[in-house]
Amino acid sequence: MEDPLTIYGQRPQPEETPSFLSTKYAELETELSQIPPEKKIGWTSATQKCPSLVTESHRLMFLRCEVFNVKEAAVRICNYWDKRIELFGDVLAYKPLHVGGSEGALHENSENTTEDADRVKFTWKGLYLGFMRPTMTHDTGGREIVFADPSAFKGYNHTSEERYGVARSIWYVLHNILEGNDTAQKLGVVVIGYPHNAKLSYVDRKLMKMNMESITGCIPIRMGAFHICHPPWFFGHVVFPIMKVIMPEQMRKRLRVHSGSREKVLESLKKFGLDRDVLPSDIGGDVLLDTDGWLQECKKKGL
């Protein structure tokens, strides 16, 4: 097996000394100040409306995501806030992306406007669909493992409300992994996709594009790889061509496809530091995923 830290060709993180971080924070502020106002509307609004959310720890996630390239971090943080406001609206966007606690954006608050109540409702529907779920495990390189199962879209109706609800649910899942998790911020995640039981009618090109834009250009998440396990016949004819169009070249190089028997796929994943004991039971691993239990625990903890 290759070195688990470098197997996907990711850039290594520098040592974060106090003087290094201080310099990078200052450089980031300079870079942000040089971006034209019309290209940082969301960011400017966030600094005014929710200063408690845009602290140094918030900025640090973007610096780590871009391995301290301040120019790329500045662009990402501006894209992030523009997209966050587009998805969550001009009230919920400025609240913590939590399902628990009265101040959480996804808390079912009776004071929400009808529009925001619908945003919350459809986000919860997206979460309960369970398309993307954290496994609470990591590969041998330390990356968090995220499980994505397109067969969850059996109850999905392709409406705009549901599309945006699923997109917001993915933002929540990834933020839940990132917040307060230095290792995840530095090393990132790997996604295990299991489309084996999905149907062609579940494919939503618009949603795929929205999610890819968020993951590759907005949310401060480092993507190690996408592992597609047991793809059905239509993936090669429909899904992969779409992915090649919407995926940046760097991400396309990190796409891995695993076909064959269950044991063959498990052996293939093992070469990437993904052993049976960290993989979901859906694909033959030992980890039992409980979406409802996880969400209730997040509620209790105010996450």
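A residue counts as buried when its relative accessible area is under 20%, and the exercises below apply this cut-off to a predicted model.

**Exercise 1.** Determine how far strand 2 (residues 144-148) is enclosed by the rest of the structure.

*Solution.* Begin with the two faces of the strand: Glu144, Val146 and Ala148 lie on one side, Ile145 and Phe147 lie on the other, and all of them are buried, which leaves both faces covered. Next, take the strand as a whole: 5 of its 5 residues fall under the cut-off for burial, so strand 2 is largely enclosed by the rest of the structure.

**Exercise 2.** Identify the strands that pair with strand 2, and give the direction of each pairing.

*Solution.* Start with strand 1 (residues 132-138), which runs antiparallel to strand 2 and is joined to it by 4 bridges; within this pairing, methionine 132 has alanine 148 as its bridge partner. The hairpin formed by these two strands has 5 residues between them, and glycine 142 in this hairpin adopts a positive phi near 95 degrees. Then turn to strand 3 (residues 189-193), which is parallel to strand 2 and connected to it through 5 bridges, with glutamate 144 standing opposite valine 189.

**Exercise 3.** Assess how compact the protein is for its length.

*Solution.* The protein contains 12 helices and 5 strands. Its radius of gyration is 19 Å, close to the 19 Å that the globule rule gives for 303 residues, so the protein is as compact as a globular protein of that length. As further description, 54% of the 303 residues count as buried, and of the contacts with a separation of 6 or more, 74% involve residues 24 or more positions apart.

Technical notes
Residues are numbered from 1 along each chain as its sequence is written. This is a predicted model: local features need pLDDT of at least 70, side-chain atom pairs count only at pLDDT 80 or more; totals for chains, interfaces and linings use all residues. Side-chain values use heavy atoms; hydrogens and water are left out. Buried means under 20% relative accessible area, exposed over 50%, partly exposed in between (1.4 Å probe, protein chains only). Two strands pair if DSSP finds at least two bridges between them. The radius of gyration is taken over C-alpha atoms; the globule rule is 2.2 Å times the number of residues to the power 0.38. Contact means heavy atoms within 4.5 Å.
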